[in-house]
Amino acid sequence: MDGAGPNETYAVFVYIVMACLALEAALLLILWRVRGIGLHPAQTLAFLGAGASFTGALLVLIMGGSIALLGACLSGAFLCHVFDIVLRWKK
């Protein structure tokens, strides 16, 4: 055994998901900038921000973080969802 507990092992998977979200954001923003296709950057950042916030909340739970930090992550996800809804209603 390498000394890593189950929580640290699960956290690695959460970090992988976060890296995938960052890569997705970068690729979508590059497509928008270079080709003009896809969602507007504000929409992209709104829905991926919510996903990143939920992923952060999962990491807080896995690692046994504080309730305040968990609340901050969930509040961030809520704000991203509200921003996304506002952008969709403007259409």
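This is a short talk on the overall build of one protein chain and on a patch at its surface.

Hi everyone, thanks for coming. Before anything else, please keep in mind that we are looking at a predicted model.

Let's begin with the fold. The protein chain contains three helices and zero strands, and if you read along the sequence you get the pattern α-α-α.

Now for the overall dimensions. The C-alpha trace spans about 50 × 25 × 10 Å along its principal axes. The radius of gyration is 16 Å, whereas a compact globule of 91 residues would come out near 12 Å.

What about contacts and burial? Take the contacts in the chain between residues at least 6 apart in sequence: 58% of them join residues at least 24 apart. Of the 91 residues, 29% are buried. As for the outside, the accessible surface of the chain comes to about 6300 Å², and carbon and sulfur atoms account for 73% of that.

That brings me to the spot I'd like you to look at on the screen. Which residues form a nonpolar patch on the surface? They are Y10, V12, F13 and I16, and together they have about 420 Å² of accessible area.

Let's pick out V12 from that group. You'll find V12 in helix α1, which covers residues 6–35. So how does V12 count, as buried, partly exposed or exposed? Its relative accessible area is 44%, so V12 is partly exposed. A residue needs over 30% to be eligible for a patch, and V12 has 44%.

That's my tour, folks. Happy to rotate the model and talk it over!

Notes. Residues numbered from 1 in each chain as written. Predicted model: local features only at pLDDT ≥ 70, side-chain atom pairs only at ≥ 80, totals over all residues. Heavy atoms only, no water. Patch = residues over 30% accessible without salt bridge, like charges linked within 9 Å, V, L, I, M, F, W, Y side chains within 5 Å. Areas by Shrake-Rupley, 256 points an atom, 1.4 Å probe, with all protein chains shown as cover. Salt bridge = Lys/Arg side-chain N within 4 Å of Asp/Glu carboxyl O. Helix = DSSP H or I, 4+ residues; strand = E, 2+ residues; numbered from the N terminus. Buried < 20%, exposed > 50% of the residue type's maximum accessible area, 1.4 Å probe, protein only. Rg over C-alpha atoms; globule rule 2.2 N^0.38 Å. Contact = heavy atoms within 4.5 Å.
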